[in-house]
Amino acid sequence: MRPGRTLHLAGAKHVLAICQSENSMTHSYTVMMTISPGTRKFLPQLWITLQEDKGVFGPIVARTMFKADNLYVTASASGKMTKKLCLEWYRCILLADSWRTYSDQEAVLEFKPEELEYEMITIPPKVTGDIQPLDRLFFRMYKDFFRKISSFIILHSLPLQVHHRDVIHKMHSLVYQQFQSPRF
């Protein structure tokens with residue numbers, strides 16, 4: 001959630017940066033939230049896909065990592081949602097952007113129960129940030145709230161490593177719980 005840029009004079013061949021961990025600069029993860037269109041409320045769980053070398057959590061990590069009722073945590077080799085994970089997530093999605101992983105109609109038809117009727121609506125490419133409801137308002141507020149917490153931790157030198165798996169889980173669990181308030 002930190003900016004991916006380091007400022008330096010134009011033309012510099014090497015730019016040095018200090019960070020808590022190299023993993024915090026190179027590892028990514030995906031956060032997905034879903035709103036029920038009828039009630040306009042968040043589904044009870046926030047989906048998080050973390051980057052793990054083999055795309056799965058090892059037995060020790062799976063047993064010891066922080067777990068929260070409002071998080072659904074998965075793993076992939078890239079930290080991005082894979083087609084397999086996407087099909088698992090599709091149980092609740094109605095509107096998707098045009099990223100290939102989300103817009104594979106054949107994969108959805110294989111997964112969909114016979115009795116379920118659905119219509120997949122895909123947002124055209126390069127306009128997601130302009131017309132997707134969650135991008136227009138919610139993600140900006142969510143990321144800003146998350147950034148304020150992590151900046152506070154770093155600024156006050158609190159003994160937390162904001163890039164650690166458990167800290168990421170705890171922070172997202174807290175922020176998602178706050179955003180489920182009727183105020184939002």
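What share of the contacts in the protein between residues at least 6 apart in sequence join residues at least 24 apart? I looked this up and got 60%, with contact meaning heavy atoms within 4.5 Å.

**Entry: ground rules**

I am working with a predicted model, where local features need pLDDT of at least 70 and side-chain atom pairs count only at pLDDT 80 or more, while totals for chains, interfaces and linings use all residues. Residues are numbered from 1 along each chain as its sequence is written, and side-chain values use heavy atoms, with hydrogens and water left out.

**Entry: the parts list**

I found seven helices and seven strands in the protein. These are DSSP runs numbered from the N terminus, helices being H or I with at least four residues and strands being E with at least two. Read from the N terminus, the order of elements is α-β-β-β-β-α-β-α-β-α-β-α-α-α. I also noted that 32% of the 184 residues are buried; buried means under 20% relative accessible area, exposed over 50%, and partly exposed in between (1.4 Å probe, protein chains only).

**Entry: the sheet**

In which order do the strands of the open sheet come? I read it as β1-β4-β5, three strands with mixed pairing. Two strands count as paired if DSSP finds at least two bridges between them. The edges are β1 (29–32) and β5 (71–76), each pairing on one side only. From one strand to the next, the twist averages 15°.

I then went through the pairings. β1 and β4 (residues 46–51) are antiparallel, over four bridges. Within that pairing, Thr-30 has Thr-49 as its bridge partner, and Val-31 has Ile-48. β4 and β5 are parallel, over six bridges, and here Ile-48 is the bridge partner of Val-73. Together, β4, helix α2 (residues 59–64) and β5 make a right-handed β-α-β unit. Right-handed means that, with the strands pointing away from the viewer, the path from the first strand over the helix to the second runs clockwise.

Helix α7 (residues 165–179) lies across β1, β4 and β5, at about 160° to β4. For such angles, axes are lines fitted to C-alpha atoms, for helices over the stretch in contact, and the angles run from 0 to 180 degrees between N-to-C directions.

**Entry: strand β1 up close**

In a regular strand the side chains alternate between the two faces of the sheet. I checked β1 for this: Thr-30 and Met-32 point to one face and are buried, whereas Tyr-29 and Val-31 point to the other and are not. Tyr-29 is partly exposed, at 22% relative accessible area. Its C-alpha is 9.8 Å from that of Thr-74, although the two residues are 45 apart in sequence.

**Entry: the cores**

In soluble globular proteins, nonpolar side chains tend to be buried together. A nonpolar core here is a set of buried Ala, Val, Leu, Ile, Met, Phe, Trp, Tyr and Cys residues joined through side-chain atoms within 4.5 Å. The largest has 21 residues, and Met-33, Leu-46, Phe-138, Tyr-142, Met-171 and Tyr-176 touch the most other members. β4, β5, α6 (133–155) and α7 each supply at least two residues of this core. A second, separate core has six residues, including Met-32, Trp-47, Met-81 and Leu-85.

I picked out Tyr-142 for a closer look. Leaving out residues up to four places away in sequence, Tyr-142 touches Met-33, Leu-46, His-172, Val-175, Tyr-176 and Phe-179.

**Entry: aromatic rings**

How many aromatic pairs are there? I got three, where rings of Phe, Tyr and Trp (its six-membered ring) pair if their centres lie within 6.5 Å; planes under 30 degrees apart count as stacked, over 60 as edge-to-face and the rest as tilted.

Why is the pair of Phe-145 and Phe-179 edge-to-face? Their ring centres are 5.4 Å apart and their planes stand at 80°, so the pair earns that label. Phe-145 lies in α6 and Phe-179 in α7, so the pair ties together parts 34 residues apart in sequence. Phe-145 is partly exposed at 32%, while Phe-179 is buried at 2%. Both belong to one aromatic cluster with Tyr-142.

**Entry: an odd one in a loop**

Last, I stopped at Ser-157, in the loop between α6 and α7. Ser-157 has a positive phi of about 50° although it is not a glycine. Buried or exposed? Ser-157 is exposed, at 64% relative accessibility.
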